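This report covers the nonpolar core, the packing of selected helices and the surroundings of a few residues.

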Amino acid sequence: MEKSDFQQGQNRLERSVSLFQATVYGVGIILGAGIYALIGEAAGIAGNAIWISFVIAALIAACSAISYAELSALYPKSAAEFVYVKEITGSPFLGFVVGYVTVVTGIISVAAVALGFASYFKLYLGIDPVMVGIVLIVIVALLNFRGIQLSARVNTLLTFAEVGGLLFIIFIGIPYLGEVNLITVDPENITADKSGWKLMLAAAALVFFAYQGFEDIANIAEETRDAETTVPLALLLSLLITTVVYILVAMVAVSVVSADALFTASKLDNPSEGPLALVASTALNSPVGGKLFTVIALCATANTVLVLHIVTSRMLYGIARENCLPDFLAKVNPKTRTPVSAVALATLFCILFTLVGSLGDVANLTNVGVFLVFFMVNLMLLMHRYKNRS
């Protein structure tokens with residue numbers, strides 16, 4: 001039996017997210033915490049030419065971003081990937097498989113990043129990391145329960161802190177530009193079967209993960225004003241903004257300290273002595289840089305947990321609304337206009353995975369899930385165009 005218009009209206013989310021908020025939302029999760037470690041790993045491969053690797057990775061990410069932008073304009077709904085596959089292939093089962101992979105990937109990512117937050121937090125208070133991670137997830141869940149506008153405001157504040165930290169690195173590092181050759185790959189890495197370009201491509205494959213997150217904007221389409229135009233614009237704007245920031249950070253980082261030093265810093269157990277903390281401390285000639293970036297990393301990881309939690313709950317809500325999960329997950333609180341049951345279930349599973357304490361290789365499997373989802377989304381766009389060719 002079809003649901004009445006009244007019932008459907010009762011289960012609709014609040015459309016209140018603006019283009020600015022959606023773009024900030026994307027920028028916040030793309031920047032995340034990955035750049036703080038990945039830049040050191042990549043510098044160890046591509047040397048001073050690491051910024052070129054960021055350009056290459058951005059171009060690769062742009063292919064999927066364009067697919068998401070076009071499909072989100074056609075199907076501006078929650079559970080975006082599920083909807084794209086279901087509508088274009090006509091197979092709810094195949095859509096459910098893609099949606100399931102996205103949900104599991106989101107849950108594991110929330111737990112992994114929450115534990116990452118705990119590792120930074122431990123530098124200030126020696127509290128059990130698992131407990132810290134669980135507390136963070138509960139706080140994020142409460143924000144999610146209260147409504148998308150409150151979550152969006154918190155996301156905006158944390159994103160400004162993230163961007164501010166990276167802009168600070170750029171500002172203090174600009175005077176060092178020109179002191180090194182920025183198209184030089186470490187000659188020690190070049191062998192008979194590894195040219196400079198191969199090394200830059202290898203580093204690009206690594207830093208590609210620093211661009212993940214733009215796709216999550218599509219999953220708040222039902223909470224975005226004028227979603228058909230706002231979501232595609234926010235997708236592309238967030239990717240463009242973060243690409244410019246990444247390139248400038250990469251340039252100044254290898255100008256302030258050597259690529260080898262960045263790589264070594266990425267291997268340290270102490271997060272306050274990571275690659276960008278080293279850049280800040282060197283440029284300022286003071287250890288305050290490490291402490292500063294510990295605070296910024298806390299903001300970045302907390303922000304990532306917030307956005308991933310929202311996306312995962314909206315995926316559960318969207319799949320349930322399409323009758324592929326129990327109906328109770330599609331229920332929306334009439335006051336806050338949030339899918340409370342979906343938020344609660346997402347929170348429960350995130351906490352359960354956090355209790356593992358160390359996800360290790362399991363968390364790395366999320367990368368496989370992301371590639372699978374990207375492949376399916378790009379394939380759906382090709383299928384859509386084929387079906388609608390003139």
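## Nonpolar core

In this predicted model, the largest nonpolar core has 130 residues. Y36, I39, F54, Y68, Y84, Y211 and F214 are the residues with the most contacts inside this core. Helix α13, spanning residues 288–321, gives the most to the core, with 18 residues.

One of these well-connected residues is Y211. Beyond its neighbours within four places in sequence, Y211 is in contact with I30, F54, A57, A58 and A61, and also with L239, T242, T243 and Y246. F54, one of the contacts of Y211, is itself listed among the core residues with the most contacts.

## Overall make-up

The protein chain holds 15 helices and zero strands. Of its 390 residues, 56% are buried. Among contacts between residues at least 6 apart in sequence, 82% join residues at least 24 apart.

## Helix α12 and its partners

Helix α12 covers residues 275–284 and packs with α10, α13 and α8. With α10 (residues 227–256), the angle is about 60° and the axes are 9 Å apart. An oblique arrangement is assigned because the angle falls outside the ranges for roughly parallel, antiparallel or perpendicular pairs; α10 is thus oblique to α12. The crossing is left-handed. V249, A253 and V256 of α10 meet L276, V279, T282 and A283 of α12. By class, this contact has six nonpolar residues, one polar residue and no charged residues.

Helix α8 (residues 148–173) crosses α12 at roughly 40°, and the axes of the two come within 10 Å. This makes α8 oblique to α12, and the crossing is left-handed. On the α8 side the contact is made by L166, F168, I169 and I172, which meet L276, V279, A280, A283 and L284 of α12. Nine nonpolar residues make up the contact of α8 with α12, with no polar and no charged residues.

## Helices α12 and α13

The axes of α12 and α13 are 7 Å apart, and the two helices pack at an angle of about 140°. That makes α12 oblique to α13. Their crossing is right-handed. From α12, the residues in contact are L276, A277, A280, S281 and L284; from α13, they are V288, G289, G290 and F293. By class, the contact of α12 with α13 has six nonpolar, three polar and no charged residues.

L276 of α12 appears in the contact with α10, in the contact with α8 and in the contact with α13.

## Two buried residues

V305 is found in helix α13. Is V305 buried or exposed? With a relative accessible area of 0%, V305 is buried. Leaving aside neighbours within four places in sequence, V305 is in contact with V110, V113, A114, L136 and V140. The C-alpha atoms of V305 and G106 are separated by 9.5 Å, although these residues are 199 residues apart along the chain.

S109 lies in helix α6, which runs over residues 92–121. Its relative accessibility is 15%, so S109 counts as buried, the cut-off being under 20%. Apart from neighbours within four places in sequence, S109 is in contact with L308 and T366.

Note on methods: Residues numbered from 1 in each chain as written. Predicted model: local features only at pLDDT ≥ 70, side-chain atom pairs only at ≥ 80, totals over all residues. Heavy atoms only, no water. Axes fitted to C-alpha atoms, helices over the stretch in contact; angles between N-to-C directions. Helix = DSSP H or I, 4+ residues; strand = E, 2+ residues; numbered from the N terminus. Parallel < 35°, antiparallel > 145°, perpendicular 65-115°, else oblique. Left-handed = near helix turned anticlockwise from the far one by under 90°. Contact = heavy atoms within 4.5 Å. Nonpolar A, V, L, I, M, F, W, Y, C, P; charged D, E, K, R; others polar. Buried < 20%, exposed > 50% of the residue type's maximum accessible area, 1.4 Å probe, protein only. Core = buried A, V, L, I, M, F, W, Y, C linked by side-chain atoms within 4.5 Å.
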